[in-house]
Amino acid sequence: MKTIDENPDEIKIHISENLAVEADKIIYCTNAFSSKFLEKEEIIPARGQILLTEPIDGLKLRGTFHYDEGFYYFRNLDNRVLLGGGRNQDFKTEETTDFETTEFLQKHLENFLREVILPGQDFKIALRWSGIMAIGSEKTPIVKQISERQFCAVRLSGMGVALAPKIGEMMAEMISILI
Ligand SMILES: Cc1cc2nc3c(=O)[nH]c(=O)nc-3n(C[C@H](O)[C@H](O)[C@H](O)COP(=O)(O)OP(=O)(O)OC[C@H]3O[C@@H](n4cnc5c(N)ncnc54)[C@H](O)[C@@H]3O)c2cc1C
């Protein structure tokens with residue numbers, strides 16, 4: 001999506017130079033990625049980096065864990081360890097919508113794995129990736145009408161699984177009242 005033109009009769013979404021879609025209403029619900037269209041709203045991207053080990057013989061870790069106010073999160077996946085976080089070690093770099101990993105944070109997570117979760121155990125990293133959350137100075141999501149034909153449900157503060165079902169209902173109700 002490139003630009004949006006709203007007029008009293010319809011809304012036009014320009015997808016590329018030669019392609020546009022007309023709609024009655026639109027809802028921005030791509031969380032951090034909506035920030036480029038909703039410049040007046042406080043939507044700060046927050047990247048989270050993750051890694052997953054190869055299977056580890058005799059892994060004792062079982063369950064889901066948080067550490068350091070939830071900035072680190074880890075669990076077993078069968079005999080593998082899934083570990084993410086450490087964003088608080090490099091806040092500014094992680095304020096981005098780029099799906100990348102950085103050497104600094106991946107090394108930091110590996111050290112955490114070596115020193116805190118799996119001391120004295122060998123492991124190999126199978127996969128590394130990142131995901132993008134959206135945060136602001138408040139934890140409250142932004143769920144509202146922003147013009148006659150535009151709505152938004154964004155900034156889920158890393159709680160999208162938990163909040164999205166309720167926010168979906170709220171948005172459906174908001175739009176149906178206005179139809
Ligand atoms: C680091 C991190 C930690 C999180 N922790 C939590 C937490 O603790 N609690 C919580 O409630 N939420 C958490 N979330 C949020 C949660 O992960 C998301 O809200 C949730 O995954 C969104 O699910 P979804 O199915 O809507 O989208 P996604 O899981 O993002 O799935 C979208 C799918 O659509 C595919 N896709 C995208 N574009 C296209 C296209 N053009 N064509 C075809 N397919 C496409 C993608 O490949 C993807 O598979 C976290 C997010 C991150 C990044």
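Strand 4 (26–28) and strand 11 (residues 150–154) pair in the parallel sense over 3 bridges. Strands, like helices, are DSSP runs numbered from the N terminus (E, at least two residues, for strands; H or I, at least four, for helices), and two strands pair if DSSP finds at least two bridges between them. One bridge links isoleucine 26 to glutamine 150 in strand 11. The model is a predicted one, in which local features need pLDDT of at least 70 and side-chain atom pairs count only at pLDDT 80 or more, while totals for chains, interfaces and linings use all residues. Residues are numbered from 1 along each chain as its sequence is written, and side-chain values use heavy atoms, with hydrogens and water left out.

Strands 4 and 11 belong to an open sheet of 3 strands with the order 4-11-10 and mixed pairing. Strand 4 and strand 10 (142–145) each have a single partner strand and stand at the edges, so one side of each is left without a neighbour in the sheet. On average, neighbouring strands of this sheet are turned by 15° against each other, direction ignored; the axes are lines fitted to C-alpha atoms, for helices over the stretch in contact, and angles run from 0 to 180 degrees between N-to-C directions.

Further strand pairs are found towards the start of the numbering. Strand 1 (residues 3–6) and strand 2 (residues 11–16) run antiparallel and are joined by 4 bridges, with threonine 3 opposite histidine 14. The hairpin between strand 1 and strand 2 passes through 4 residues. Strand 2 is also joined to strand 3 (residues 19–23), again antiparallel, by 5 bridges. Here serine 16 has leucine 19 as its bridge partner, and the hairpin from strand 2 to strand 3 passes through 2 residues.

The ligand is surrounded by ten residues named here in full: Gly48, Tyr73, Gly131, Ile132, Met133, Gly158, Met159, Gly160, Val161 and Ala162. A residue is near a molecule if one of its heavy atoms lies within 4 Å of it. A nitrogen atom of the ligand lies 3.2 Å from a backbone N or O atom of glycine 158, and a ligand nitrogen is 3.2 Å from a polar backbone atom of glycine 160. An oxygen atom of the ligand is 3.0 Å from a polar backbone atom of valine 161. The protein buries 28% of the 1000 Å² that the ligand exposes when taken alone, by the Shrake-Rupley method with a 1.4 Å probe.

Note on methods: A polar contact is a pair of N or O atoms within 3.5 Å; within protein, one must be able to donate a hydrogen and the other to accept it, and residues adjacent in sequence count only if both atoms are side-chain atoms.
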